[in-house]
Amino acid sequence: MAKSPNLQFMDLDAYKAQIRNRKHSDQPPTDRALTIREVGDKINASRSTIYRWRDEGTFPRGKRFGKCSVRWLESDIDLWMQSQ
């Protein structure tokens with residue numbers, strides 16, 4: 001059976017390495033909107049501490065979803081964690 005000229009064959013290990021080395025900007029955003037509980041679990045802080053930090057300006061503000069719901073983008077929390 002002859003190989004098709006349109007197909008590219010690659011070693012599986014080389015393919016996995018290529019996937020790991022991709023720049024984050026090449027990948028589509030997969031940001032999640034986290035609840036206060038999920039944020040607290042992620043950074044190991046209480047709800048009141050998160051709101052206090054937010055009011056002091058040392059924590060991301062979050063985004064409003066409706067009248068009574070605030071969510072934080074996971075990328076914002078990750079950036080905040082890296083800066084600490």
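Two strands are taken to pair if DSSP finds at least two bridges between them. In this predicted model, Arg-64 has Val-70 in β3 as its bridge partner. Lys-63 stands opposite Arg-71 in β3. β2 and β3 run antiparallel and are joined by two bridges.

The protein contains four helices and three strands. Along the sequence these elements follow the pattern α-β-α-α-β-β-α. Of the 84 residues in the protein, 19% are buried. The accessible surface comes to about 7300 Å², and carbon and sulfur atoms account for 50% of that surface. Among contacts in the protein with a separation of 6 or more, 41% are between residues 24 or more positions apart.

The three strands form an open sheet in the order β1-β3-β2, with antiparallel pairing. β1 (33-34) and β2 (63-64) are the edge strands, each pairing on one side only. β1 is paired with β3 in the antiparallel sense over two bridges, and the bridge partner of Leu-34 in β3 is Trp-72. The hairpin of β2 and β3 has five residues between the strands, and in this hairpin Gly-66 takes a positive phi near 85 degrees.

In a regular strand, side chains alternate between the two faces of the sheet. This alternation is present along β3: Val-70 and Trp-72 point to one face and are buried, while Arg-71 and Leu-73 point to the other face and are not buried. The two buried residues of β3 also have bridge partners noted above, Val-70 with Arg-64 and Trp-72 with Leu-34.

Helix α3 spans residues 47-56, and its residues Thr-49, Ile-50 and Arg-54 are buried. These three residues lie on the same side of α3 because they cover an arc of only 135 degrees around the axis. The buried residues of α3 pack against α2 (36-43) and β3 (70-73). On the face of α3 turned away from the buried side are the exposed residues Ser-48, Asp-55 and Glu-56. Gly-57 follows α3 and has a positive phi, near 85 degrees.

In soluble globular proteins, nonpolar side chains tend to be buried together. The largest nonpolar core of the model has 11 residues: Leu-34, Ile-36, Val-39, Ile-43, Ala-45, Ile-50, Phe-59, Val-70, Trp-72, Ile-77 and Trp-80. The elements giving two or more residues to this core are α2, β3 and α4 (74-83). α2 gives the most, with three residues. One of the core residues, Ala-45, is in contact with Gly-40, Ile-50 and Trp-53 when its neighbours within four places in sequence are left aside.

A search of the whole structure finds four aromatic pairs. Tyr-51 and Trp-72 form one aromatic pair, which is tilted, with 6.2 Å centre to centre and 55 degrees between the planes. This pair links distant parts of the chain, with Tyr-51 in helix α3 and Trp-72 in strand β3, 21 residues apart. Tyr-51 counts as partly exposed because its relative accessibility is 22%, a value in the range between the cut-offs of under 20% for buried and over 50% for exposed. Trp-72 has a relative accessible area of 1% and is therefore buried.

Trp-53 and Phe-59 form a further aromatic pair, also tilted, at 6.2 Å centre to centre and with 45 degrees between the planes. Trp-53 has 24% relative accessibility and so counts as partly exposed. Phe-59, by contrast, is buried, with a relative accessible area of 5%. Trp-53 and Phe-59 belong to one aromatic cluster together with Trp-80. Phe-59 and Trp-80 are also among the residues of the largest nonpolar core.

How values were computed:
Residues numbered from 1 in each chain as written. Predicted model: local features only at pLDDT ≥ 70, side-chain atom pairs only at ≥ 80, totals over all residues. Heavy atoms only, no water. Buried < 20%, exposed > 50% of the residue type's maximum accessible area, 1.4 Å probe, protein only. Arc of directions from axis to C-beta. Contact = heavy atoms within 4.5 Å. Phe/Tyr/Trp six-rings, centres within 6.5 Å; stacked < 30°, edge-to-face > 60°. Core = buried A, V, L, I, M, F, W, Y, C linked by side-chain atoms within 4.5 Å. Areas by Shrake-Rupley, 256 points an atom, 1.4 Å probe, with all protein chains shown as cover.
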